[in-house]
Every structure is written in C-alpha cells, then in structure tokens.
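Dear colleague,

Please find below the structure that I am handing over to you, together with its sequence. My findings follow it.

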Amino acid sequence: MQQGLKEKAIQLLKDKTVDRVVGWKAGEFFYDLTPAVFHTPEEIEKDFVFSVFSGANLSKYLIAESRKGGKVAAFLKPCDTYSFQQLLKEHRILRENVYVVGVQCDGTCDIEKIKAAGCDGVTAVREEGDGLVAETLYGEHRMSKKDALLDRCAVCKSHKLVVYDELLGEQGEEQDAGRFAEVEKLERMTPEERYSFWRGELSRCIRCNACRNVCPACSCEKCIFDNPDSGARNKAAADSFEENMFHIIRAFHVASRCTDCGECSRVCPQHIPLHLLNRKFIKDIDELYGEYQAGADMDTKPPLMDFTKGDADPSVVYERGGDKA
Amino acid sequence: MKKLPLSKIDELFKALSAGQKLYIPADDAAGQAKFTVWQEGLALSQKLNTVRSAKDLFFPQVENLVGFKVTGKQIELIESRDPAEPFVLFGVRACDARSFDILDKVFLAEPADTYYKARRENGVVVTMACTRPAETCFCTVFGIDPTEPAGDVSCWMDGESLYWQANTEKGEKLTAGLSMLEDSGEEAVRAQQEKTREILGKLPLKDLNLKGFDGEHMMELFQSPKWASLSESCLGCGTCTFVCPTCQCYDIEEFNTGSEVKRFRCWDSCMYSDFTKMSAGQPRPTQLERFRQRFMHKLVYFPTNNDGMYGCVGCGRCLQKCPISMNIAKVIKTLGEDKK
C-alpha cells in the first residue's frame, strides 16, 4: 500500500497534476509520523510514509493549503473524506485547488495503547497474521492488532470514501461496528453516575486546546476563547466546572457538523474520551431528526442548521430527560 | 544508604505524610500516572513517568497572587496566596529533578518570585532512579544520569526493596524521623545501575548532537529556512508546553468577581496566538515564529544566558504527547544537520 501511495504522489508531481502533496512524514521512530507538505519526488521517496500510524486526519490542513496557490494533492482515508466533504460544504476548502486521492484503510493504531499493553521502550512493530509483534528495549512482545487500534478505528463507521478524484484500492461500504455501544452504556447510568463519570474524566483536562485545534469542525479563524476582546477568554478556570463547560459547549457548537472522526480523543494528552460527547449528540440527532451523517454528502443540510415543520419540539428535551424529581 | 522492604512501603508513606502532604505518582482513571496526594490505599504507579511534570507542585497552572477591593477612594489589598505548607514530593525522576534547577534560575534570580520560592522551601524532593527508560528518553544528552537522580533524597527500587539515600540537610531531616529504614550496603543499587546503564547505551536518541546550539550561532539558527517545514503542521495547541517540566511562561490577568478584583497568574504557551500580544499588535504573527520561539528559547537563548544550561531535560513528554509528533528531538536533528 505504502509503495502505491508513493508512486502515485511522485506521478502527480511529475506530470504536474499538482504542485505539492500533503501526506505523513517519517519520524524518529516507526510510529511518530508528522503531517507534512512534500514538494518534490525526492522528498516523497525519502520521507513519505503510509502505515497503521498514519492516523492523523489531513483534511483540516487543506483549509490553508487550498489557499496557498497552485494545486495540492491530499491522501485521505475513508473517515478523513467525511471531514473533507463537511469542510467543503461549509465553504472552508477551495475544492478546485485540491486533488483528493482516496485510500482504503484497515484501521490505524494507537502507539500509547501499544505501550500501555506492556511494550514500553518499543523500537519496532511488525504485523504477523492478525497480530502485532513489538520489538522493545526489553525484548519482544506480542499483541492482537485489535487491541492496538485507535478507539475510533475499533468501531469504524465506514470504509466508504465519500469524495475523491482518484481511488487507490477498493471502494468500501458504511458499516455498523457498534460505535454507539459506549454511549448507550452512559445512557443506562443514573444521572448521578453519569455526572460523576464526566466530572471525573473532564477533571483531567489541562486546557491545552489540542482537541479544538485538531478538530475539522472547529475551523473558526479566531476562536472566541483566544480573543482577548471577547470577554469569554478563559486562560484560567474560575472554578472547577469551567473546563467541563468548555468541552460541553464545544460539543454543542460542532453538533450535526461533527463527522465523528475521533481526532479529539486521539490527540488528548490526558486520554479524556471526548468523542463520547460528540457521539451522544450524533445519536440524539439520529433519534430526533432522523439518521444523519455529517460529511456523507454535499446536498443535505445539517439538522441543527435547518428548520423543518417536522422538527422535534423543544419540550422533547424535558420528556427525554432523566431525573425529573 | 538505608533500605526498606517493599512490603513496608505503606508504612513509609504514612510516616512521610504525617503533618504534611505527600505526593506520589499514582495511576489516574485513564491509567496514566499523576502526582497525587497519598492517602491510605493509594498505590505507587509502575509507570516510568507522570504525564504532567513535577513542576506543577512548585509552579501550579493557576494561582491567585493578590486581591483588590475598592471602597470609595480606598483600595484594600487582600492577601490571597496559598498558605505555604510543607510537603514531600516522592518519586520524581532525574529529568524532572533537573528541571527544578532550570526553573530556579528563572524564579529565584533576584528579585525572587516569592510564590515559587515558598513552595521550593517547603517542598522536600525524593527522587527515584529509572530502571526501564523509554525509547523517547534522552536525558543523558543533557548530562543527566537517571540511575543517580538528584533531589533531597535519592531512591532506588528493585523487586524487593526500596533504597534510600539522603543528599541534603532537608533530606537528612526527613530521614531522621523514619525509624522503619534499616542501614544497607550499596551493592544492590550499584548492580541495578550497571544494568540500567546498559539500556541507556541502547537508547535511540542518546547521540542527539547539540553542537552549534549556542549564542554564537544564534542568528544563523534563527534565520534557518527549516523552521518553515518544521512548524508547518503545528496545531498551535499548548500540549508540549503544558506537559513540559521546564516551560515556565505565564500570564498575569485580573478577574472582577463583582465584589473584588482577583489578580492571578496562569501558565501561558508561546504556541498560542495571543501570547506576547501587545498594544502594537502581535510580533509573532504566524505559527512559524511561535514555534521557533519555543525551541530557540530552550536550545539557544536559555543556555546563552545561563552558562550553557539547556532548557530541556530530555524527559520525552513532548515526543509522546504532541498530536502531530513534532518535537524537540526532531528540531535538534533537523537544524543540527547543518552543523556536522
């Protein structure tokens, strides 16, 4: 697969289809790939990598890249194409300046999960059958690939590439891998249990803003929380609930535009399962407004940005609420 | 040197927490280590290091400095600093222990920062030698020996025992009250160090070359065209700065509660778009300048102003936590290519 992508990137540069390529660049180790812009076939040859550690969603970079003049090629995995299309819909990416190469994906891995499974000091990982063999400073360690997948990949919503100019590999289908199971687990909790679950999880927030900055749905030129003139900037929390509120508000802000790409949870240094907030909203929207997948097409309006007479009455919130005592 | 069987470690923690707070690395709900106030039943983490560094205990993310209350033409100053209380910080690794030296240069230089100083004076640092360094570790590049950590007390741990060595007056004083410790030889510790040093010799980043990262090459490094590609995919988040044991930049702001104005300080990040913003505008208008600042500070400005002491301790947190896997090791290698 990696060789095919490299050849494609080199060909696109050589035949002048594009001026540059957005991809993943080799790091110090086998797993620490960095999103990068490649300008020459030599750079591609030397550093371009596509592997199970190419988890980073490159879509958001295209907001800026599509405005830099010339044409840029981007390699997008199925879930990345949903983010890309949602950004197109929001007029954030200049489509004519991007050449999308869709690439099929079997799921990407979480190096922190691999390390937590006992592979500290890991220096190499190879696939053997269904499993991974990690070479570490302290010997070899085997684990199943399933246990190494990023949370979002373990319950992958779709192998379908919803937008591309060219496809490498097979087109896939949407699938139901049970991504709402964790949300249902939370729904089954009592309000007190749920409250204490989220208070506990969100209490670890260090307000680094990685979740916001990586999120393709958070594409405001200037976030209100970064603007000293907004009156809403909170560099320090006034109380222990303020960071909690930040995440809740952010989830509301991206509701019905969030494609469930899972980048927020992938980048959180504190392992807060932020995607569960977004996924809860997706599930609610599905139930209240009919099934809706953000980024799946160019035509439909996100339910919360549209009004129809059949929309749920606000009182439904009260009816659905948990504890009314 | 003293020693204690691990079966008695709770007894030690209990004694250390008598009359003061004891912080130890313990696993949080996500299974990552965090310095946590010890109480009966809290287990020492087996992780190599905490996600948030030990600097938090001396330089917290947010702290109140002072309050103001205005009544008519009177301004009342309200003392609002945390009361300085003694505490013990147990299980600090050698990298974080070095970070205190770096922070001291900043906060204890005259005029000393009295908030930081009070915590430094009240804190006793008990370090723990490393036995299983990670592939992301490179403290040895900065002359740190993780098998011989500094601190008021240094500890080593094997499968059966904890070894304890007081290094300073504060450490001696702490040790004096610990009757459960028995005298011990140093053989076990020396053997462990030997073994760990073999691993240190295999670390992939052990040969990071800092040649040319100095004041003499300042402008050359500052003007390197490589900053553009190094910084191009930086998200501008604050993860690296917030998990970094040596990042020390902060902001001071005021908050009007309605009845009082609270002046507080909080960590700031040079990666943020409003950092250094002033009335004339933003002198670092793009992520390139912000990104460059972070690394120039640690690798060039800080050592130039502090007798060659780099502002990095090689703990590897930024390598593990950067969302796009860009970090100081990559910066050193990329810029250093021109120096060899």
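Please bear in mind throughout that this is a predicted model.

I begin with helix α11 of chain B, which spans residues 328-336. Its buried residues are I328(B), A329(B), K330(B), V331(B), I332(B) and L335(B). Within chain B, these buried residues pack against four helices: α6 (218-222), α7 (226-231), α9 (287-305) and α10 (317-321).

Helices α10 and α11 of chain B appear again in the contact between the two chains. Chain B contributes 44 residues to this contact and chain A contributes 36. On the side of chain B that touches chain A, the elements giving two or more residues are α8 (239-243), β11 (250-256), β12 (261-267), α10 and α11 of chain B. By class, that side of chain B consists of 23 nonpolar, 8 polar and 13 charged residues.

Chain B also has an internal interface to report. Its domain assignment gives domain 1 (2-200) and domain 2 (215-339). The C-alpha centres of these two domains of chain B are 25 Å apart. In the contact between them, 34 residues of domain 1 of chain B meet 27 residues of domain 2 of chain B. The elements that supply two or more residues to the domain 1 side of this contact are β4 (62-71) and α2 (94-107) of chain B. The residues on the domain 1 side comprise 19 nonpolar, 8 polar and 7 charged.

In chain A, I examined one pair of helices. The axes of α9 (residues 191-202) and α11 (residues 242-254) of chain A come within 9 Å and cross at roughly 105°. An angle from 65 to 115 degrees counts as roughly perpendicular, and α9(A) and α11(A) are therefore roughly perpendicular to each other. The contact involves W198(A), R199(A) and L202(A) from α9(A), and E243(A), N244(A) and H247(A) from α11(A). By class, the residues of this helix contact divide into 2 nonpolar, 2 polar and 2 charged.

One single residue of chain A remains to be described. H39(A) is located in the loop between β2 (34-38) and α2 (41-47) of chain A. A residue is exposed if 12 or fewer other C-beta atoms lie within 10 Å of its own; H39(A) counts as exposed because it has 12 C-beta neighbours inside 10 Å. Between H39(A) and I10(A), the separation is 29 residues in sequence and 9.7 Å in space, taken C-alpha to C-alpha.

With kind regards

Technical notes
Residues numbered from 1 in each chain as written. Chains lettered and ligands numbered in written order. Predicted model: local features only at pLDDT ≥ 70, side-chain atom pairs only at ≥ 80, totals over all residues. Buried ≥ 20, exposed ≤ 12 C-beta atoms within 10 Å, placed from the backbone. Contact = placed C-beta atoms within 7 Å. Domains from an automatic or database assignment. Nonpolar A, V, L, I, M, F, W, Y, C, P; charged D, E, K, R; others polar. Axes fitted to C-alpha atoms, helices over the stretch in contact; angles between N-to-C directions. Parallel < 35°, antiparallel > 145°, perpendicular 65-115°, else oblique.
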